[in-house]
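This report describes chain B and the contact it makes with chain A. It begins with the fold and ends with the interface.

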Amino acid sequence: MTEPFPSLDPWGTYLAILVAAALPTQVWRWIGVVLAGRMAETSEIFVWVKAVATALVAAVVAQLILNPGGAVADTPLLLRIGAIAAGFAVYLASGKTLAFGILTTEALLIGGWLALG
Amino acid sequence: MASHPHAADTPAPAAATAAGWFGRGVLNVFSLPALVLFSAQVGFAALAREAGFTVGETMAIALFVYALPAQVVFIGFLAAGQSLPAIALAVALSSVRFLPMVLAWAPVVRPERGGRIGMLFASWFVAVTSWVFAMSHLPNYPRAARLPFFVGFGMGLAVVSTAVVGISHVLLERLPPLVSGGLVMLTPIYFICALWGASRGDADRLALMLGLFAGPAAAALVPGVDLLAAGLVAGTAAYIIGRVLKARRAAGEAAQ
């Protein structure tokens, strides 16, 4: 199989996984162990960093809904957004029951997909 | 304080060797929170497969990163053709929450003396599922039991997750598009709900909502660095609005 990710060239995918995915994640765990007991986790910098991290993951999630890979990309965008919004509404209404939210989204998505042929 | 009545689901017998505690930790992998994690990892495998990652690469990401948001950010950024430094920065930002999480976790899990190397190794397995489990159950266990128990539980979760990722990557090929497509959409709804559930204030919830809109907006305005820009702008805006709301609430209480 040829290299599917041009942005990795000349990096190997495995090296990229170690350098750009594993290391930037593990380093926080190591710093946490080393600093444990010496830092206030309620400080303003943590509040800001957590907000940025949350927004970043949310931005990725939005892109996944707009441009998902594979066959689900053929479904209408409105169906995907509607299924996600309904799932989140059910999650909130059910007292934050994750299973209900996920099942609602999946049921609407697959039901809608079948109905639209 | 070896055994509290509260820990009915995880009995903590008085005496066992470190290996015994490790084994007990492994056995706890068969639990409901672990099941939720495994199904989310199936969604990740579907995502990685659709993005063009091989089964080996997908398993390596699951094992060596072992943080679902970071895994998804890495896949999403790479598939969107962003540069490697931008990817590393985005992954680092999405994983920064491990710092406060580990800071809270370490005093619970660490042994009486020493154990620095063991703690550095154990921290690999700190993720949302194991963290919640450790923080709620381990205080009921004798201190000598905690680190081996956590490593058994955390390693068990990571190994089974990686196996689940590998198996589903292979099986997805034989699934009808309806099923694999449904699994791909598991990740967005799981994350929206999990991020909301993990929010600790207005800033976090605003960041989630603003980020959902900022992502596509930035993709149109500043392609190439769009996800990073969206995170920084939406996150900072959420932080500022959150601070204003907090100050206003405090002022309102003071006025009464």
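## Fold of chain B

In this predicted model, chain B holds 13 helices and zero strands. Read from the N terminus, the order of elements is α-α-α-α-α-α-α-α-α-α-α-α-α.

The C-alpha trace of chain B spans about 65 × 60 × 35 Å along its principal axes. Of the contacts in chain B between residues at least 6 apart in sequence, 74% link residues at least 24 apart.

## Burial, surface and charge

Chain B has 256 residues, and 53% of them are buried. Buried here means under 20% relative accessible area. The accessible surface of chain B is about 10600 Å², and carbon and sulfur atoms account for 72% of that surface.

Chain B carries 15 positive and 9 negative charges, and the mean positions of the two sets lie 11 Å apart.

## Interface with chain A

How many residues of chain A are in contact with chain B? The contact involves 72 residues of chain A and 94 residues of chain B. Between them, chain A and chain B bury about 7000 Å², with 78% of this area coming from carbon and sulfur atoms. On the chain A side, Trp28(A), Arg29(A) and Leu56(A) supply 10% of the area that chain A buries against chain B, more than any other three residues.

The rule for salt bridges finds zero across the interface of chain A and chain B. That rule asks for a side-chain nitrogen of Lys or Arg within 4 Å of a carboxyl oxygen of Asp or Glu.

Note on methods. Residues numbered from 1 in each chain as written. Chains lettered and ligands numbered in written order. Predicted model: local features only at pLDDT ≥ 70, side-chain atom pairs only at ≥ 80, totals over all residues. Heavy atoms only, no water. Helix = DSSP H or I, 4+ residues; strand = E, 2+ residues; numbered from the N terminus. Buried < 20%, exposed > 50% of the residue type's maximum accessible area, 1.4 Å probe, protein only. Contact = heavy atoms within 4.5 Å. Areas by Shrake-Rupley, 256 points an atom, 1.4 Å probe, with all protein chains shown as cover. Lys, Arg positive; Asp, Glu negative; His and termini not counted. Charge placed at Lys NZ, Arg CZ, Asp CG, Glu CD. Buried area = accessible area lost by both parts, 1.4 Å probe.
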